[in-house]
Amino acid sequence: MLSSAPSVTNLLTTPNNIVDMVESNHLLSGKETLCFSTRHHKSFPLSLTQMKIRVPRTLAFASAKGKGKAERQVEAIVGDNASKELNWSFDFPDSKPEFSLLHSEDYQNISTVLEKLNALRSHLLAAEKWNASRLQSCDRKYLECATNLIHYMALRSLDTEQLNSYLTSLGLSSLDNNDLSLLSNLEATINLLMKSPMESRKLPEKGMTIKKNEGKVSSLLGKPLEGKKTHIMVTVGKEATESETFIADILKAGASVIRINCAHGDPTIWGEIIKRVRRTSQMLEMPCRVLMDLAGPKLRTGTLKPGPCVMKVSPKKDAFGNVVSPALVWLSVTGTEPPAHLSPDATIFVRDQEFLAGLRTGDSVRLCDARGKKKVLRISKEFDVFSSTGFVAECLDTAYVESGTELYVKGKKGRRLFGQVVDVPPKESFVRLRVGDLLVITREGSFDEPSVTVPGAHRLTCPSGYLFDSVKPGETIGFDDGKIWGTIKGASPSEVIVSITHAGPKGTKLGSEKSINIPQSDIRFKGLTSKDIKDLEYVASHADMVGISFIRDVQDISVLRQELKKRKLNDQLGIVLKIETESGFEHLPLILLEAMKCLNPLGVMIARGDLAVECGWERLANIQEEILAICKVGRVPVILATQVLESLVKSGVPTRAEITDAANGRRASCVMLNKGKHIVEAVSMLDTILHTKLIYKKPNPENLH
């Protein structure tokens, strides 16, 4: 049942009205003033108006009753300027009262604080009543969370910084402590201050206990392993199907959630990954959930033609070109990966099992590389891997090996063994862009059609028509999570010409399926694409959670709810809302309230890659804090994603800044790592960072005297 709102008048308003308060009366012994200002609160990027949470136009502040005095009310005056943000400022004496030496003025201060707290309580209850229809439509299990979220946004519409400071000086909790139920916290504070000053130092009595958040309402991620509070999510792709031990290694290192990006791969690959995850999880008795991200309407570069199937095997050399150490090559049958402790420079798969069975340590494997030059691989070690055998070979000269390359070992009477290289992956295709270069982006499907000739320009495709239908000359455009920036010089229904304005000193690679962001363009995407709806069928029957990409507003959630209802998935499939646009961030409270209409477990992912590009790098930290705070009061689990320990994952060595960034992940429910060569080491380090207890050095008693 929803609470009533005492001491509140004139609730007839519209969602777009803004409360604009002005100076009302002198309440602090004739010296201090209750003042209302329209200063912009720079600490937080969002206002209540942007959130579109309804608040009452008028607040009434009931003053304390004195002996022989009639009860009086001071009513706030409402302004009509809808462009101003409500900020409520409380002014108090600079000195902190000592309870042992209280004067009448100090009692008056506490009385005034009580007056303001009661007015604030009325404000929260009014916001709750004004949003009653939203709360009533929420699923029952989310009702308390949604109510607390409404209270929080109503509180944040006011500037209570000075009031919080005054409460802290009295040893009381801050009003916006989002570990607590806000209304319960406020009421407990009022109850404490209503007692005598000496009694207010005591702990709250039974019945006045502040209700703490005992845990997340959502069961999205499952219960963490014993002794751990934060889950670790790892993004995997096709590489997980090429190794028998990959999934087991990352689970043992500390991962408890596997993420599959539906923008890459197909159901055949996804199914194999999920099968291995389920089997390994059961075998190791380590719970592990699967999240599948729908691709969403995100703009991406098209697929470039694959490069040649050739790999370069090169030893390490000094500045003079002399070999310092040989290149280590793993030789085995297809699918047999090297042991976890080995880090070879190259992997060569051989078709013939008999060839490998005949190899011995010390043998010289000879080949003629792609350039027609003779090379030698010397076998140095042998390993038994499951039911197969693999070898480590040393190469002292640079070789280019391609599929079909013949391998042989000489005997006394000619060739003793013969084998053939298979499954060399094609080299990744890319264009290297430098500042000043021109890039022509062509609508996919019209790449071979006649177009305007741009001499010396690089060319890429884009499969989405939104790009060509929406952009205008002069707008900025970013690629690959902002690694490359440019300015649009020309646009047509089939082509966009970009001048590169920012790239690395030696140029930056841009390859297939890399992100495209146009922050200044008002592109109206559909919430779920036809591919997303098709993939949702597969996700619903195979995964534990679905990630909804590029959430922008409540309409996207409404479409999602309809699709889930069609498939009767209203209580089974977990939903992860990916916040990666400015619109999604600004509408987050309303998005959460809309999502809480479903029984499905709910979570939010802070997708920092696109979010930084869309909103600006300098705002990312504040936006991240805001999302964490909003989700915490709503009891919604948060997944921190993008570039966590990125250097460690890619190169094997972390930066100092990455370590502290990873440590901040303790505040989230889950931290996500992207795939890379050193992913197992990264999972292990992240697990240590997140779950190592702080140890404080005890002071030496001798130093205290």
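**Exercise 1.** In this predicted model, work out why helix α7 (residues 246–253) counts as largely enclosed by the rest of the structure.

*Solution.* Start with the cut-off: a residue is buried when its relative accessible area is under 20%. Next, go through the helix. Phe-246, Ile-247 and Ala-248 pass the test, and so do Ile-250, Leu-251 and Ala-253. That makes six of the eight residues, so α7 is largely enclosed. Now look for the cover: β6, β7 (257–261), α8 (267–284) and α19 are among the elements over those buried residues. Finally, step past the end of the helix, and you hit Gly-254, with a positive phi near 135°.

**Exercise 2.** Find what lines the second largest cavity, and sort the lining by class.

*Solution.* First, the search: the whole structure holds three cavities of 30 Å³ or more. The second largest comes out at about 50 Å³. Then list its lining: Pro-224, Leu-225, Lys-228, Thr-230, His-231, Ile-232, Gly-254, Ser-256, Asp-687 and His-691. Sorted by class, that's three nonpolar, five polar and two charged residues. Last, map them onto elements: β6 (231–235) and α19 (679–691) each chip in at least two lining residues.

**Exercise 3.** Which strands sit at the edges of the six-stranded open sheet, and how does β21 join β25?

*Solution.* Write down the order, β22-β21-β25-β24-β23-β27, with mixed pairing. The edges are β22 (458–462) and β27 (516–517), each pairing on one side only. Now zoom in on β21 (residues 438–443) and β25 (residues 495–502): they run antiparallel and are joined by five bridges. As a spot check, Val-440 stands opposite Ile-497 in β25.

How values were computed
Residues are numbered from 1 along each chain as its sequence is written. This is a predicted model: local features need pLDDT of at least 70, side-chain atom pairs count only at pLDDT 80 or more; totals for chains, interfaces and linings use all residues. Side-chain values use heavy atoms; hydrogens and water are left out. Two strands pair if DSSP finds at least two bridges between them. Helices (H or I, at least four residues) and strands (E, at least two) are DSSP runs, numbered from the N terminus. On a 1 Å grid over the protein atoms alone, a cavity is a set of points where a 1.4 Å probe fits but cannot get out, and a pocket is an open set with protein on both sides within 12 Å along at least five of seven lines; lining residues have an atom within 4 Å of a point. Grid points are joined across faces, edges and corners, and a volume is the space filled by probe spheres set on the points. Ala, Val, Leu, Ile, Met, Phe, Trp, Tyr, Cys and Pro count as nonpolar, Asp, Glu, Lys and Arg as charged, and the others, Gly among them, as polar. Buried means under 20% relative accessible area, exposed over 50%, partly exposed in between (1.4 Å probe, protein chains only). Contact means heavy atoms within 4.5 Å.
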